[in-house]
Amino acid sequence: FAINEKKPDKLTRAAAYINQFEKFDNKPYYLDSAEKLLSGQLSEQALALKIQLYFIKQNFQKSYYT
């Protein structure tokens, strides 16, 4: 999360979980948390994060139909 932002939005938090998984500590619960935060989100940014998430999980079919 951003250090100077006390209440980051869901997309910012989801992106942070994905980045934490990719860059530092690939624990599955980071991806699970990101997926929960992205659930029901329909923006372009959310779509991009969902595609990144499913690509990391190697769920290529779901990333195609997201």
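In the predicted model, Ala14 is in contact with Ala34, Leu37, Leu38 and Leu49, when its neighbours within four places in sequence are left aside. Ala14 is also among the residues that touch the most other members of the largest nonpolar core, together with Leu11, Ile18, Ala34, Leu38, Leu49 and Leu53. That core comprises 14 residues, and the elements that contribute two or more residues to it are H1, H2 and H3. In soluble globular proteins, nonpolar side chains tend to be buried together.

The chain that surrounds this core contains four helices and zero strands, and its elements follow the order α-α-α-α from the N terminus. Of its 66 residues, 27% are buried. Among contacts between residues at least 6 apart in sequence, 40% join residues at least 24 apart.

The packing of the helices was examined pair by pair. Helix H1 spans residues 10-23 and helix H2 spans residues 28-38. The two pack at an angle of about 160°, and their axes are 8 Å apart. Because angles over 145 degrees count as roughly antiparallel, H1 and H2 are assigned to that class. Their crossing is left-handed. On the H1 side, the contact is formed by Lys10, Leu11, Arg13, Ala14, Tyr17, Ile18, Gln20 and Phe21. The residues of H2 that meet them are Pro28, Tyr30, Leu31, Ser33, Ala34, Leu37 and Leu38. By class, this contact of H1 with H2 consists of eleven nonpolar, two polar and two charged residues.

H1 also packs against H3, here at an angle of about 25° and with the axes 11 Å apart. H1 and H3 are therefore roughly parallel to each other, and the crossing of this pair is left-handed. Leu11, Ala14, Ala15, Ile18, Phe21 and Glu22 of H1 meet Gln45, Ala46, Leu49, Gln52, Leu53 and Ile56 of H3. Nine nonpolar residues, two polar residues and one charged residue make up the contact of H1 with H3.

For the remaining pair among these three helices, the axes of H2 and H3 come within 10 Å and cross at roughly 150°. H2 and H3 are therefore roughly antiparallel to each other, with a left-handed crossing. Leu31, Ala34, Glu35 and Leu38 are the H2 residues of this contact, and they meet Ala46, Leu49, Lys50, Leu53, Tyr54 and Ile56 in H3. The contact of H2 with H3 includes eight nonpolar residues and two charged ones, with no polar residues.

Leu38 takes part in several of these arrangements. This residue lies in helix H2 and counts as buried because its relative accessibility is 1%. Residues up to four places away in sequence not being counted, Leu38 touches Leu11, Ala14, Ala46, Leu49, Lys50 and Leu53. Leu38 appears in the contact of H1 with H2 and in that of H2 with H3. Leu38 is also listed with the residues that touch the most other members of the largest nonpolar core.

Lys50, one of the residues touched by Leu38, is found in helix H3, which covers residues 44-56. Its relative accessibility is 15%, so Lys50 counts as buried; the cut-off for this class is under 20%. Between Lys50 and Leu38, the C-alpha to C-alpha distance is 7.0 Å, at a separation of twelve residues in sequence. Lys50 and Ala14 are 36 residues apart in sequence, and their C-alpha atoms are 9.3 Å apart in space.

A further local feature occurs beyond H3. Gln58 is located in the loop between H3 and helix H4, the latter covering residues 60-65. Gln58 has a positive phi of about 60°, although it is not a glycine. Most residues other than glycine have a negative phi. With a relative accessibility of 61%, Gln58 counts as exposed, whereas Leu38 and Lys50 are buried.

Note on methods. Residues numbered from 1 in each chain as written. Predicted model: local features only at pLDDT ≥ 70, side-chain atom pairs only at ≥ 80, totals over all residues. Heavy atoms only, no water. Axes fitted to C-alpha atoms, helices over the stretch in contact; angles between N-to-C directions. Parallel < 35°, antiparallel > 145°, perpendicular 65-115°, else oblique. Left-handed = near helix turned anticlockwise from the far one by under 90°. Contact = heavy atoms within 4.5 Å. Nonpolar A, V, L, I, M, F, W, Y, C, P; charged D, E, K, R; others polar. Buried < 20%, exposed > 50% of the residue type's maximum accessible area, 1.4 Å probe, protein only. Core = buried A, V, L, I, M, F, W, Y, C linked by side-chain atoms within 4.5 Å.
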